[in-house]
Amino acid sequence: MNIAIVGTGYVGLVTGVCFAEFGLHVTAVDKDEERIDRLAKGEVLIYEPQLGEMLRRNLEQGRIQFTTDAARAIRESLVVFIAVGTPSREDGSVDLRYVEEVARTVARNLNGYKVIATKSTVPVGTGRIIQRIIHEENEGGPRGVFDIASNPEFLREGSAIEDFLRPNRVVIGADNPQAVAILQDLYRPLYLIDIPFVITTIETAELIKYASNSFLATKITFMNEMANLCEVLGVDIHAVAKAMGLDQRIGSKFLHPGPGFGGSCFPKDTWALVNIARDHGCRARVVETVIEVNEQQRLRMVQKIIGALGASSDPGSLKGITIGMLGLAFKPNTDDIRQSPSLAIISELQRLGARVQAFDPAAMEQARRVLSEVDYRTDAYSAAEGADVLVLATEWNQFRNLNLEKVKGLMRRPILVDLRNVYEPERVRMLGFTYCGVGR
């Protein structure tokens, strides 16, 4: 079966490569000629474990190709996946211009029955918008030669390949059983490992993605509030989280406190859900509060760093202070800095006069584009050199077992602010550090 993936960003590239791994013939489309040329040579433009190896294997075996010719890709495919960007507008609503552009391109190139499926995260009702655009653009042409479907992705950055090949579930929303059957056929290898399939309406499938991400963001935010309460009460958040996680109604995932959530999904999707609710005369009050608390959590981390230094929050109060920052990506195993708590914290520390030197195993090239005044270092120890405080902001595995005695010897003042609770406080303090965690 031939399928087209329009958009070769994170979702589109992972989706295309994984479908090729399933044995399908995939044509991935993008307007960016340089991007297409590099991908066609097997160059992966994002940091994602296993992706490069899998891309090159499927290129060699002829199951995936890259092109800027969207018209040809659409005409030669039975299924067209829309995986273009859906950025947020200033008010938090979703900008659908790229989705609508793809819909118009599809309309001009309908040459037989096709399933048009959205992979991009889109507001409820987007499938109907695509359907209307195709009908309008194809006026006078044959009707009933396409079906619209929603097939949302649930890919975690850093483990996206595993999530696609062994998902918790596959969601398919469509009106026509024929479209459902075709999409199910694409995922046939997953039936062998008994992956649950949720077959529903287009609108329900569109909402499932927003509801899922907003609920996970809520769990993170709740645990951050509990961590803040633990600090006041002298309670260990880890013991609280462990006991909560043993309750099967709650589960152990997403119960780790920290500097707040970031990335390309949770911030954008929570804002989008709030706007979807408002547009339909409702309010998602819990999600509104999650957004507010998450912003406050980042500022609270700044106050934690200031407090560890014995400084104030006044502008210029950190002049002459050097801060070592470990981690720039919003999470480990990715180079994604979008909405990263680390970058927000750095910006505020710089506003207060601090000099920041930082290291991240994958995200420094991305960070340089938005934070040019940071001194980017070659490794964790270099980031600690001469620092008044070392801040662990992203829990990369290579930061979990640092030689702390060496770190102490490199620093001007032995202060460790551990925003991910990677280290045991007593062990660190025994080595002569001032230690500050989250909820401990």
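Q: Why is the contact of arginine 429 with glutamate 426 called a salt bridge?
A: In this predicted model, the closest N and O atoms of arginine 429 and glutamate 426 are 3.4 Å apart. A salt bridge requires a side-chain nitrogen of Lys or Arg within 4 Å of a carboxyl oxygen of Asp or Glu, and therefore 3.4 Å qualifies. Both residues lie in helix 18 (residues 425-430), 3 residues apart, which is about one turn of the helix.

Q: What makes glutamate 426 exposed and arginine 429 partly exposed?
A: Glutamate 426 has a relative accessible area of 53%, and because exposed means over 50%, the residue is placed in that class. Arginine 429, with a relative accessible area of 38%, is partly exposed, because this value falls between the 20% and 50% limits.

Q: How do you know that glutamate 53 and arginine 57 form a salt bridge?
A: Their side chains meet with an N to O distance of 3.8 Å, and since the cut-off is within 4 Å, the pair therefore counts. Glutamate 53 and arginine 57 both lie in helix 3 (residues 51-60), 4 residues apart, again about one turn of the helix. Glutamate 53 is exposed at a relative accessible area of 55%, whereas arginine 57 is partly exposed at 27%. The two residues are also linked with Glu21 in a network of salt bridges.

Q: Why do arginine 72 and glutamate 76 count as a salt bridge, and are they buried or exposed, or in between?
A: The closest N and O atoms of arginine 72 and glutamate 76 are 3.2 Å apart, so the pair meets the requirement of lying within 4 Å. Arginine 72 has 24% relative accessibility and glutamate 76 has 42%, and because buried means under 20% and exposed over 50%, each is partly exposed. The structure holds 30 salt bridges, this one included.

Q: What makes the pair of phenylalanine 19 and phenylalanine 164 edge-to-face?
A: By the ring-pair rule the count comes to 12 aromatic pairs. In the pair formed by phenylalanine 19 and phenylalanine 164, the rings are 5.1 Å centre to centre with 90° between the planes. Centres must lie within 6.5 Å and planes over 60 degrees apart count as edge-to-face, so both conditions are met. Phenylalanine 19 lies in helix 1 (residues 10-21) and phenylalanine 164 in helix 7 (residues 160-165), so the pair ties together parts that are 145 residues apart in sequence. Both phenylalanine 19 and phenylalanine 164 are buried.

Q: Why is the pair of tyrosine 191 and phenylalanine 197 called stacked?
A: The ring centres of tyrosine 191 and phenylalanine 197 are 4.5 Å apart and their planes stand at 10°, and because planes under 30 degrees apart count as stacked, the pair takes that name. Tyrosine 191 is partly exposed, with a relative accessible area of 37%, while phenylalanine 197 is buried at 18%, because buried means under 20%. Phe19, Phe164, Tyr191 and Phe197 are among the members of one aromatic cluster, which also includes Phe22, Phe81 and Tyr187.

Q: What makes the surface patch that contains glutamate 34 negative?
A: The patch is formed by Asp32, Glu33, Glu34 and Asp37, and because Asp and Glu count as negative, the patch is described as negative. Glutamate 34 is found in helix 2 (residues 33-40). At 54% relative accessibility glutamate 34 counts as exposed, because the limit for that class is over 50%.

Terms used:
Residues are numbered from 1 along each chain as its sequence is written. This is a predicted model: local features need pLDDT of at least 70, side-chain atom pairs count only at pLDDT 80 or more; totals for chains, interfaces and linings use all residues. Side-chain values use heavy atoms; hydrogens and water are left out. Patches are made of residues with over 30% relative accessible area and no salt bridge: like charges are joined within 9 Å, nonpolar side chains (Val, Leu, Ile, Met, Phe, Trp, Tyr) within 5 Å. Accessible areas come from the Shrake-Rupley method with a 1.4 Å probe; for residues, only the protein chains shown count as cover. The place of a charge is taken as NZ of Lys, CZ of Arg, CG of Asp or CD of Glu. Helices (H or I, at least four residues) and strands (E, at least two) are DSSP runs, numbered from the N terminus. Buried means under 20% relative accessible area, exposed over 50%, partly exposed in between (1.4 Å probe, protein chains only). Rings of Phe, Tyr and Trp (its six-membered ring) pair if their centres lie within 6.5 Å; planes under 30 degrees apart count as stacked, over 60 as edge-to-face and the rest as tilted.
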